[in-house]
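Biologist: Got a minute to walk me through this model? I'd like to start with how some of the helices pack.

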Amino acid sequence: MALQLENTHNRDVLIAIEKKYQQKWQDDHVFESDFPEDDLPPAELREKYPKYFGTFAYPYMNGSGHAGHLFTVSKVEFTIGFQRLTGKRTLFPLGFHCTGMPIKACADKLIGDIEKFGQNFERFEDYQAQDEQTNGTPVPAPVQGINKKEDITKFSSSKSKATAKNVKTNYQFQSMLAMGIPKEEIHKFADPYYWLEYFPPIWKSDLINLGARMDWRRQFVTTDANPYYDAFVRWQMNRLKELNKILYGKRYTIYSPKDGQPCMDHDRAKGEGVGPTEYTALKLKVKEWSPEAAKAIEGKIPQDASVYFVPATLRPETMYGQTCCFVGPAIKYGIFKVSDKEYFVCTKRAAWNMCFQGKFFDLDNFPKDQDQLETIAELPGSAFVGTLVNAPLSMYKEGVRILPMDTVLATKGTGVVTCVPSDSPDDYATIRELAKKAEYYKIQKEWAELEIIPLIETPNYGNLIAKTLVEKMKINSPKDDKQLAEAKDIAYKEGFYTGTMLVGDFAGEKVQDAKEKVRQQILNSGDGFPFADPSGEVISRSADECVVAYIPQWFLNYGENDKEWQKTVLEYVTAKDGLNTYTQETENQFVANLEWLNQWACARTYGLGSKLPWDQQFLVESLSDSTVYMSYYTISHFLHGDRFGKTSGKLNIKADQMIDEVWDYVYTRTNDLEATSKKSGISEQDLKTLRKSFEYWYPLDLRSSGKDLIPNHLTFFLYIHLALFPREYWPRSVRSNGHLLLNGDKMSKSTGNFLTISQAVSKFGADATRIALADAGDGMEDANFEEKGANAAIMRMYTLKEWVEQTVADKSLRSESDDRVLWDDLFEDEMHLLVHEAYGHYADTNYKLALKAGLYDFQSARDFYREACVSAGVPMSRALILKYIELQALVISTIAPHWAEYMWIEILHKPDSIQTQLWPVVPEADKALTAQREYIKATSSNITSAEALAGRRMAKGKAASFDPRQPKKLTIFVAAQFPQWQDKYIDLLKDALEKATINDDKAINQNVAKAAGKDMKKVMPFVQELRKKVLNGDKAALFEREIQFDEVKALEQMVKGLKKQTGCQELQVVKVTPEAKDLPGQAHAAEPGKPTFQFENIQT
């Protein structure tokens, strides 16, 4: 449920500050950077003038941005902010992706809406009323929106994002209304190029309102709408073709029959990441029909025709063990005519897929509609049970029976499943069930009792792996889905990776070697054919259910077909001096995807984009024109002055001058400056400028993206960079993040749990939104944007601003000439500690932890100082307060730059923007002061907690050692030295450290138990705590056992504060020596650094 803000005064004050500085940053061009004017070689130039170049995936222009986009943006934004503080020139540009079919598909839908309802949809209400009268079902009214593994040798990817895209709409104009577009303007979007004009300015405005440190001079749109970018894409495709990275040939691809072209990831409304699953389809010829089937098809099929059940298998090597063939009894099957002499039995979904793979129709003559598929009969699977079929390769040459299997899926393969109970746990469990309950399933028992033939020998599970696993895992029924899935996974992996064939022409060979040979044997004999279907449901942007087609197409030769290319990328991802992926999980996903990814169709005929240079009937596909565009950012502002390239840029170069040879020279692929200048008409100086800009800003330092783009865009990004650019310019890092939840739930427009960038910034302001984004999380797991957290950030930053203003105006603050007190030293030391801690977190891109150290802990340090001064009765130091404000502003400026700028300019009266400042240089924290501060905090907390506990006990009617409501005295006991009994255990741990056995829990515990005897309860906690410190790197805990400050003096400084906090009339600090007598028991429990204490009531 979206959070409703009741009082917006504080937010409005902060937003007013934000707007002021956003405008000033834009007016002053603060975020615009260029290469330095120096004639040094590129590597030396980058060393002398350090730079940082970061990007995220440019957004698609079919709508405005939402909080999920913003989360990915924030990772680059925070990194750029921090890198500026380290003294680097930074570049954070943004272009706008328009390539592909989504925009065109929406525009075409809108044309239909306009034809049906009028330009402003004025006839919609009449249509709605008529439809209600006809069907009795109201059509949803328009809503005015806001104003502005199957094959175990392959890797498969699942994405929650793909599921999130499955949002049904009725009419396109209603979707436009929901975006907040006025009804009168919607008709303009029937022109797909209008989208390119409408949405980029919204994105730009939203990100400026966020305070993003972007160089907007470099913005552009993709497609031929920008002739400069169009030339860049043509160059890229030409060079990849010359390198044999783009090839032409027939291959399986996800295909939209309605659109008549491949449907790649970004062309889908549902099913992103789904690819073809390639099977071997077997032809099981009918020898004898079941009575029910025979009756149903009588006279419909010629007597001399062959009818085949067509199961699809991923394990052709196991076909020797077929004992029957399964159908789903409740699934509807068709008998489809292949030719006058050949008919197939399968689901209609499977037959429809086959239509695009050379069955039923020629590969040059695809059908447009499923009605074109000639169906002889449609029957439930139960009607076929008992049919006798010939199973190719099966040991049972007289035939096997069609039997029922309730778990067959109509949406997978052909809906017909061949049974190999020796190696498939599902098949074994089902065949066992059928044999037990033959009468119930209306079959003859002997049909399910054919002998199971051993096919594959495995070292761990013998030669009947399915039987072994089912019995070992105590699987009792075919409905034990979870256990069967686990057993199936084990059986497939064991069989493939460790199995040896026992039967057939390839007996004695490893399954890995025999698998493809058996498959080819089946295909060559005509007993089967290749078949593929989508591994999941895929719906195109035009609302068409996609199939797998076997078509000729231009494709990028990713994967095992170009092993050298694949190897180069894999080695770069895994090398220590290669790609930085920040987390092992990201690297693992890259490796898995690189091993799995195969050829990728890079062209299509429908949508927006750049034409394939050598075959202009095709457009470059949207994931193939967006692989190396980061290099385009380095020079775009020199080429054009607007995002469409309608005006020339700083060098006054025309688009038609950007020939392939120019791109080659700029991107350091060639060095013939004179020839390039002569052929292009671009001056040598301008060519040098372009090249120098590229050489300075490249390589890309950071690519930030959601984890869902690893299987496609991010992997393509690596492949193409490594193919086109020298090693010096390969990307340095990829940071992948999880998806963003909103208030703990998945974002969804339909449930109202949705937040656009504009809404977030308007509702909470820029800095509070940024704080909530930093607080959301940093790993690959899904993060959470908490609106309550954003709202709390408003209060935090407003309150902090008010406190700063009031405190700076306070005349009672101590001046620099006044004596320093202990609390000054402790506060200053803690600030130094937190500055260094925050730096480390920023450098590691751990922004949640950086926020904690740089804001929350910084404020806690201030609170401790303020309260300590009040308790001690001394004013705070003005110099320290000003230092606090300066450090706080600098350290939090990465995340909350507007608030920081206000502090910098309005409070500290600095002459230049905080955006141009460097990270503060402060001393390392003083160990003695740090230890003393932590000692004071811990001691104070322990004492006040003990008093509070006594109060709670008495409130519940329980006994307490003293009455906190009555006059009382507090005695604190300080140990003069460590207890002597600890020495031998220190020696024990020193010995273990020297012998490298300190990690051996068993040995340590045995030695301690032997030495401690009856004192184990006292000794073991001491040993465990000390050992933990040593294991965490603190060896000084063993070898330097001394307190780094005067404990008694520290406690004496605390007296006033503790009296005030506890209300004690008296407070005494007692130093306890071994010889001390007549002291309470807890006095001797004190250790150096761990005082004990006693409350007692006194008479006044």
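Modeller: Sure. This is a predicted model. Take helix H26, residues 766-775, and helix H29, residues 847-872. Their axes come within 7 Å and cross at roughly 125°.

Biologist: What do we call H26 relative to H29?

Modeller: Oblique. The crossing is roughly 125°, and angles from 65 to 115 count as roughly perpendicular, while those over 145 count as roughly antiparallel.

Biologist: Which residues in H26 and H29 meet?

Modeller: From H26, Ile771, Ala774 and Asp775. From H29, Tyr847, Lys848, Leu851, Leu855 and Tyr856.

Biologist: How do the residues of that contact divide into nonpolar, polar and charged?

Modeller: Six are nonpolar and two are charged. No polar residue takes part in the contact of H26 with H29.

Biologist: What about H25 and H26? At what angle do they cross?

Modeller: H25 covers residues 757-764. The axes of H25 and H26 come within 6 Å and cross at roughly 115°. H25 and H26 are therefore roughly perpendicular to each other.

Biologist: Which residues make the contact?

Modeller: Ala760, Val761 and Phe764 of H25, with Ala766, Ala768 and Thr769 of H26. Five residues of the contact of H25 with H26 are nonpolar, one is polar and none is charged.

Biologist: OK, new topic. Which residues touch the most other members of the largest nonpolar core?

Modeller: Leu207, Phe232, Trp663, Tyr667 and Trp823. That core has 220 residues. Helix H29 gives the largest share of this core, with 12 residues.

Biologist: What is phenylalanine 232 in contact with?

Modeller: Val628, Tyr629, Ser631, Tyr632, Trp663 and Tyr667. That leaves aside neighbours within four places in sequence.

Biologist: And which residues are in the other core?

Modeller: That core lies apart from the largest one and has 56 residues. Among them are Ile335, Val400, Ile402 and Cys419.

Biologist: Why would nonpolar side chains be buried together?

Modeller: I can only give you the trend: in soluble globular proteins, they tend to be.

Biologist: Let's do domains. Which residues does UniProt list for "Aminoacyl-tRNA synthetase class Ia"?

Modeller: The UniProt entry, which is unreviewed, lists residues 22-116 and 195-785 for that domain. In the model, residues 22-116 are 49% helix and 9% strand. The end C-alpha atoms of that span lie 45 Å apart. Residues 195-785 are 33% helix and 19% strand. Their end C-alpha atoms are 29 Å apart.

Biologist: Where does UniProt put "Leucine--tRNA ligase RagD-binding"?

Modeller: The unreviewed entry puts that domain at residues 974-1036. This stretch is 65% helix and 3% strand, with its end C-alpha atoms 22 Å apart.

Biologist: Where does leucine 1031 lie?

Modeller: In helix H35, residues 1016-1031. Leucine 1031 is partly exposed, with a relative accessible area of 40%. Not counting residues up to four places away in sequence, leucine 1031 touches Ile998 and Asn999. Asparagine 999 is 32 residues away in sequence, and the C-alpha atoms of the two are 7.8 Å apart.

Biologist: And leucine 949, what is its place?

Modeller: Helix H32, residues 927-955. Leucine 949 is partly exposed too, with a relative accessible area of 43%. Its C-alpha atom is separated by 8.8 Å from that of alanine 960, 11 residues apart along the chain.

Biologist: Now backbone oddities. Is the peptide bond from tyrosine 698 to proline 699 cis or trans?

Modeller: Cis, with omega near 10°. Most peptide bonds are trans. Proline 699 is in the loop between helix H23 (684-697) and strand S25 (702-706).

Biologist: What about phi of phenylalanine 121?

Modeller: Near 65°, so a positive value in a residue other than glycine. Most residues other than glycine have a negative phi. Phenylalanine 121 sits in the loop between helix H4 (102-117) and helix H5 (124-135).

Biologist: Is phenylalanine 121 buried or exposed?

Modeller: Buried, with a relative accessible area of 4%. The cut-off for buried is under 20%.

Biologist: And what is phi for lysine 442?

Modeller: About 60°, a positive value although lysine 442 is not a glycine. Lysine 442 is in the loop between helix H13 (425-436) and strand S17 (456-457).

Biologist: Buried or exposed, that lysine 442?

Modeller: Exposed, with a relative accessible area of 75%.

Key. Residues are numbered from 1 along each chain as its sequence is written. This is a predicted model: local features need pLDDT of at least 70, side-chain atom pairs count only at pLDDT 80 or more; totals for chains, interfaces and linings use all residues. Side-chain values use heavy atoms; hydrogens and water are left out. Axes are lines fitted to C-alpha atoms, for helices over the stretch in contact, and angles run from 0 to 180 degrees between N-to-C directions. Helices (H or I, at least four residues) and strands (E, at least two) are DSSP runs, numbered from the N terminus. Angles under 35 degrees count as roughly parallel, over 145 as roughly antiparallel, 65 to 115 as roughly perpendicular and the rest as oblique. Contact means heavy atoms within 4.5 Å. Ala, Val, Leu, Ile, Met, Phe, Trp, Tyr, Cys and Pro count as nonpolar, Asp, Glu, Lys and Arg as charged, and the others, Gly among them, as polar. UniProt positions are given in the numbering used here, feature names are shortened, and annotations may be inferred rather than shown by experiment. A nonpolar core is a set of buried Ala, Val, Leu, Ile, Met, Phe, Trp, Tyr and Cys residues joined through side-chain atoms within 4.5 Å. Buried means under 20% relative accessible area, exposed over 50%, partly exposed in between (1.4 Å probe, protein chains only).
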